Amino acid sequence: MNRRLLAYFLLDTSGSMRGEGIAALNNGFNGLISMLRQDPQAMDSLYLSAITFNREVHNLIPLVDLASYHPIEITCPDSGPTHTGQALEMLSDLVKTELVKGSMERKGDWKPLLFIFTDGKPSDIQKYRQMIPQIKALDFGAIVACAAGPKAEESFLLELTDHVVKLDATDATTLSTFFQWVSSSIEMGSKSQGTGEKMTLPPPPTELNIVV
């Protein structure tokens, strides 16, 4: 069995994403798939899973290899809270069951990657903070979080990861730029892990502001 690179996406689909935001998210995510399919290494080893979170949390895209993925429309309700903590809890359960650990007999999967996209802040802050140490203990190769739009609060994301980018808007052009950078990050992750080096992220485009 080939060693797999699992990439998990947590996508905010709360009511504030309704309209242009959710259309741009669909456009950007589908563009990401198209870009990754041009990379032979990604086609050989990459597996994707996406969790959407609003008042409910769904594993919208159960783990699937890149070649077999069929586009799914991401939708959002008219209004409602942002259950980020609940999404992290589902993620933790999935990674524990889906990631193949290495043993004496076989090599396990590469370290998984996590990309979080939100335009707000967690509504379930207590649950969110409870889950942070559990997510960190899963030893991701990289956790990249994106705070998109004027109401996104990056301070919560910084509690989870050092890799936080800020987008000024959630329009199609801005989100497309973000997902192009995600594509480069995944390609770099698969190549750097193949050489045994620590993963480094590519420099972001000017539309993305790194939060430190």
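How many residues does helix H4 have, and how far does helix H4 reach from its first C-alpha to its last? In this predicted model, select residues 125-137: helix H4 has 13 residues and reaches 19 Å, close to the 18 Å expected at 1.5 Å a residue.

Next, centre the view on Met 131. A kink of about 30° lies at this residue, shortly before the proline Pro 133. Then display the side chains of Tyr 128, Met 131, Ile 132 and Ile 135, which are the buried residues of H4. An α-helix has 3.6 residues a turn, so residues three or four places apart point the same way. To see what the buried residues of H4 pack against, add helix H3 (84-98), strand S4 (113-118), strand S5 (142-148) and helix H5 (154-160). Moving on to the stretch just after H4, select Asp 139, where phi is positive at about 60°.

Return to Tyr 128, which also belongs to the lining of the largest cavity. Select with it Thr 84, Thr 118, Gly 120, Lys 121, Pro 122, Glu 153, Phe 156 and Leu 157 to complete that lining. The enclosed volume is about 40 Å³, and the lining residues divide into 4 nonpolar, 3 polar and 2 charged. The count of cavities of 30 Å³ or more comes to 1.

Finally, keep Gly 120 selected and add Ser 16, Met 17, Asp 119 and Lys 151; these five lie nearest the centre of the second largest pocket. This pocket has a volume of about 240 Å³ and is lined by 17 residues. Its lining comprises 4 nonpolar, 9 polar and 4 charged residues.

Note on methods: Residues are numbered from 1 along each chain as its sequence is written. This is a predicted model: local features need pLDDT of at least 70, side-chain atom pairs count only at pLDDT 80 or more; totals for chains, interfaces and linings use all residues. Side-chain values use heavy atoms; hydrogens and water are left out. On a 1 Å grid over the protein atoms alone, a cavity is a set of points where a 1.4 Å probe fits but cannot get out, and a pocket is an open set with protein on both sides within 12 Å along at least five of seven lines; lining residues have an atom within 4 Å of a point. Grid points are joined across faces, edges and corners, and a volume is the space filled by probe spheres set on the points. Ala, Val, Leu, Ile, Met, Phe, Trp, Tyr, Cys and Pro count as nonpolar, Asp, Glu, Lys and Arg as charged, and the others, Gly among them, as polar. Helices (H or I, at least four residues) and strands (E, at least two) are DSSP runs, numbered from the N terminus. The expected span of a helix is 1.5 Å times one less than its number of residues. The bend at a residue is the angle between axes fitted to the seven residues ending there and the seven starting there. Buried means under 20% relative accessible area, exposed over 50%, partly exposed in between (1.4 Å probe, protein chains only). Contact means heavy atoms within 4.5 Å.
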